[in-house]
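Colleague: I would like to learn how to read the features of a fold from its coordinates, one feature at a time. Could you give me the general idea in each case and then show me how it applies here?

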Amino acid sequence: VLGHMLPAIPHSAFGGDASSARRALLIGIGKYQILPRLPGSKNDIDLVHQVLVSRYGFSENAIRTLRDEEATRDRMLVAFNQIVKEAGPNDLVYIHYSGHGSQVQDLNGDEPDDQLDETIVPADGRTEGVPDITDDELEEILSRMKTSKAVVVLDSCHSGTATRGLEVR
């Protein structure tokens, strides 16, 4: 299973030089305040972490992990913004989300086909005043990334256009 999780990413893609760093953000939510549990999310994040360290040479201190109740909407947005802020132009960034996904009504008209935005659901999602994180929010954050060497994996239902329109510099 481990070797098949990142099959499309050649080892050379994780190369770099002295001016580059490898950074990762791993978010795995199996326990939600309201939504049904997803028992595989912890395993997903643990396996990806192991692969990044053992096979691709990521440093333990360069991998930020949010699990279950740690992965609130606020903490997830802070973590996304932080990795974007820290990543330099030559860095490699790997972001992995494993959890519930959904859809909400498109409010800005950028989804003409189905009028729905795709979302990822934080651990405190669907509670009073806590909306999902939309594809538009992710695009706004990730489009500020300075590096063109980024891998974003959204292991969730309805992740369709979450990064489709993202322009890479």
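Modeller: Let us begin with a term that we shall need throughout: a residue counts as buried when its relative accessible area is under 20%, and as exposed when that area is over 50%, with partly exposed in between. Please keep in mind that this is a predicted model.

Colleague: With that cut-off in hand, what share of the residues of the protein count as buried, and how many helices and strands does the protein have?

Modeller: Of the 169 residues, 43% count as buried. The protein has four helices and seven strands, and from the N terminus on these elements run α-β-α-β-α-β-β-β-β-α-β. Among contacts between residues at least 6 apart in sequence, 69% join residues at least 24 apart.

Colleague: How should I read the side chains of a strand, and which residues of β3 point one way and which the other way?

Modeller: The general idea is that in a regular strand the side chains alternate between the two faces of the sheet. In the case of β3, which spans residues 92-98, L92, Y94, H96 and S98 point one way, while V93, I95 and Y97 point the other way, and all of them are buried. Seven of the seven residues of β3 are buried, so the strand is largely enclosed by the rest of the structure.

Colleague: Which strands pair with β3, and what is the order of strands in the sheet?

Modeller: Seven bridges join β1 to β3, and these two strands run parallel; a further pairing, again parallel and with seven bridges, joins β3 to β7. To follow the register, note that R22 has L92 of β3 as its bridge partner, whereas on the β7 side Y94 is partnered by V151 and Y97 by L154. The open sheet of four strands has the order β2-β1-β3-β7, with parallel pairing. At its edges stand β2 (63-67) and β7 (149-155), each with a single partner strand, so one side of each is left without a neighbour in the sheet. The twist averages 5° from one strand to the next.

Colleague: Turning to helices, how do I recognise a buried face, and which residues of α2 are buried?

Modeller: An α-helix has 3.6 residues a turn, so residues three or four places apart point the same way. In α2 the buried residues are S41, D44, I45, V48, H49, V51 and L52. Seen down the axis of α2, these buried residues fall within an arc of 165°, so they line one face of the helix. As for its length, α2 (residues 41-54) has 14 residues and reaches 20 Å from its first C-alpha to its last, close to the 20 Å expected at 1.5 Å a residue.

Colleague: And which strands does helix α3 lie across?

Modeller: Helix α3 (residues 73-86) lies across β1 (22-28), β2 and β3, and it runs at about 170° to β1.

Colleague: When I scan the backbone angles, where are D68 and R126, and what is phi for each of them?

Modeller: D68 is in the loop between β2 and α3, and its phi is near 45°, a positive value in a residue other than glycine. At 15% relative accessibility, D68 counts as buried. R126 is in the loop between β5 and β6 (133-134), with phi near 75°, again a positive value in a residue other than glycine; R126 is partly exposed, with a relative accessible area of 37%.

Colleague: For a buried polar side chain I would look for its partners; what does the side chain of T147 reach, and which residues does T147 touch?

Modeller: T147 is found in the loop between α4 (135-142) and β7, and it is buried, with a relative accessible area of 6%. Its side chain reaches the backbone nitrogen of K149 at 3.0 Å, while a polar atom of that side chain lies 3.5 Å from the backbone oxygen of P89. Not counting residues up to four places away in sequence, T147 touches A87, G88, P89, N90, D91 and V93.

Colleague: Is E118 buried or exposed, and which side chain does it contact?

Modeller: E118, in strand β5 (residues 116-120), is buried, with a relative accessible area of 6%, and a polar contact of 3.0 Å joins its side chain to that of Q103.

Methods: Residues numbered from 1 in each chain as written. Predicted model: local features only at pLDDT ≥ 70, side-chain atom pairs only at ≥ 80, totals over all residues. Heavy atoms only, no water. Expected span 1.5 Å × (residues − 1). Buried < 20%, exposed > 50% of the residue type's maximum accessible area, 1.4 Å probe, protein only. Arc of directions from axis to C-beta. Pairing = 2+ DSSP bridges. Axes fitted to C-alpha atoms, helices over the stretch in contact; angles between N-to-C directions. Contact = heavy atoms within 4.5 Å. Polar contact = N/O pair within 3.5 Å; in protein donor to acceptor, adjacent residues only side chain to side chain.
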